[in-house]
Amino acid sequence: MDNTIINVGRQFGSGGKQVALQLGKILGIEVFDNELISKAAESSGFSRALFKEKDEKRSLFSFSSFFSSQGFGQAENYVNENELFKIQSHVIKEIADKGPAIIIGRCADYILRDRGCTLDVFICAPLEARIRRVSDRLGITPEKAEDLIARTDRKRETYYNYFTFGNWGVASNYDLCVDSSILDIEGTADFIIDFARRAGLLK
């Protein structure tokens, strides 16, 4: 693969993480998701627990406060969120420098936008399919699953749009958008690999 990086964006409940893990399994390369937080924590000197706590809250609570009528009173959170993004951006670039990898979310497609040999993929699925997947995986009612999907996607969209000045989930931002409900996890991974080969990114 040389230094090809596959960046995977995903709707919550679409199976995007499972697709990324399947890609890593087939291609024999590392997948970075929660591991990215740990690496960022280690490189920045933050405790892992503190970094993870801040990372999880920034787009759901701090960002919603920032965009409210009283948002400019949240200056401390605003600075912290930007610093955390800078740290993670540095880690993502270091990962890309070291060789092939699969990076899940965290605006990796934007951070690595000027680098060659990247494939930006977005995994989606119809809401009904995502509700079933989340409900089954977490053992919750469909109603609670739908609420969780809406809140998680809103958090990801706010985070992505704020830092990239782009539009999360819009097809023109990615090289490939795939509905995982059509081919399921393994089939979707195989399809992405075939696309990457046709694009000259994989041998």
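In strand E5, the residue that bridges to Ile123 is Val178. That contact is a handy way into this predicted model, since Ile123 also has Arg10 standing opposite, with Ile123 itself in E4. From there, here's a quick tour of the sheet, the aromatic pairs and one of the pockets.

**The sheet around E4**

- The five strands make an open sheet, ordered E2-E3-E1-E4-E5, and the pairing is parallel.
- Strand E2 (31-32) and E5 sit at the edges with a single partner strand each, so one side of each has no neighbour in the sheet.
- E4 pairs with E5 in the parallel sense, and four bridges hold that pairing.
- On its other pairing, E4 meets strand E1 (residues 5-10), again in the parallel sense, over six bridges.
- Going along E1, you'll find Gly9 opposite Phe122 of E4, and Arg10 opposite Ile123 of E4.
- In general, side chains in a regular strand alternate between the two faces of the sheet.
- How much of E4 is covered? Most of it, as six of its seven residues are buried.

**Aromatic pairs**

- The count of aromatic pairs comes to six.
- Take Phe85 and Tyr159: their ring centres are 6.3 Å apart and the planes meet at 70°, which is over the 60 degrees needed, so this pair is edge-to-face.
- This pair ties together distant parts of the chain, with Phe85 in helix H4 (residues 75-98) and Tyr159 in helix H7 (residues 142-164), 74 residues apart.
- Phe85 has 11% relative accessibility, and because the cut-off is under 20%, Phe85 counts as buried.
- Tyr159 is at 9% relative accessibility, so Tyr159 counts as buried too.
- Phe122 and Trp168 give another edge-to-face pair, at 5.3 Å centre to centre with 85° between the planes.
- Here too the pair links distant parts of the chain: Phe122 belongs to strand E4 (residues 118-124), while Trp168 is in the loop between H7 and strand E5 (176-179), 46 residues away.
- Both Phe122 and Trp168 are buried.
- Ring pairs also join Phe85, Tyr159, Tyr162 and Phe163 into a cluster.

**A charge over a ring**

- Which residue lies over the face of Tyr110? That's Arg113, at 3.9 Å from the ring centre.

**The second largest pocket**

- The second largest pocket holds about 190 Å³ of space.
- Its lining is made of Glu30, Phe32, Lys39, Glu42, Ser43, Val91, Glu94, Ile95, Lys98, Gly99, Pro100 and Ala101.
- Helix H2 (34-44) and H4 are the elements giving two or more residues to the lining of the second largest pocket.
- Of the elements, H4 gives the most to this lining, with four residues.
- What does the lining look like by class? The second largest pocket has five nonpolar, two polar and five charged residues around it.

**Where the topics meet**

- Phe122 ties two of these topics together, standing opposite Gly9 in the sheet and forming an aromatic pair with Trp168.
- Helix H4 does something similar, carrying Phe85 of the Phe85 and Tyr159 pair and giving four residues to the lining of the second largest pocket.

Note on methods
Residues are numbered from 1 along each chain as its sequence is written. This is a predicted model: local features need pLDDT of at least 70, side-chain atom pairs count only at pLDDT 80 or more; totals for chains, interfaces and linings use all residues. Side-chain values use heavy atoms; hydrogens and water are left out. Rings of Phe, Tyr and Trp (its six-membered ring) pair if their centres lie within 6.5 Å; planes under 30 degrees apart count as stacked, over 60 as edge-to-face and the rest as tilted. Buried means under 20% relative accessible area, exposed over 50%, partly exposed in between (1.4 Å probe, protein chains only). A charge sits over a ring if NZ of Lys or CZ of Arg is within 6 Å of the ring centre and within 35 degrees of the ring normal. Two strands pair if DSSP finds at least two bridges between them. On a 1 Å grid over the protein atoms alone, a cavity is a set of points where a 1.4 Å probe fits but cannot get out, and a pocket is an open set with protein on both sides within 12 Å along at least five of seven lines; lining residues have an atom within 4 Å of a point. Grid points are joined across faces, edges and corners, and a volume is the space filled by probe spheres set on the points. Ala, Val, Leu, Ile, Met, Phe, Trp, Tyr, Cys and Pro count as nonpolar, Asp, Glu, Lys and Arg as charged, and the others, Gly among them, as polar.
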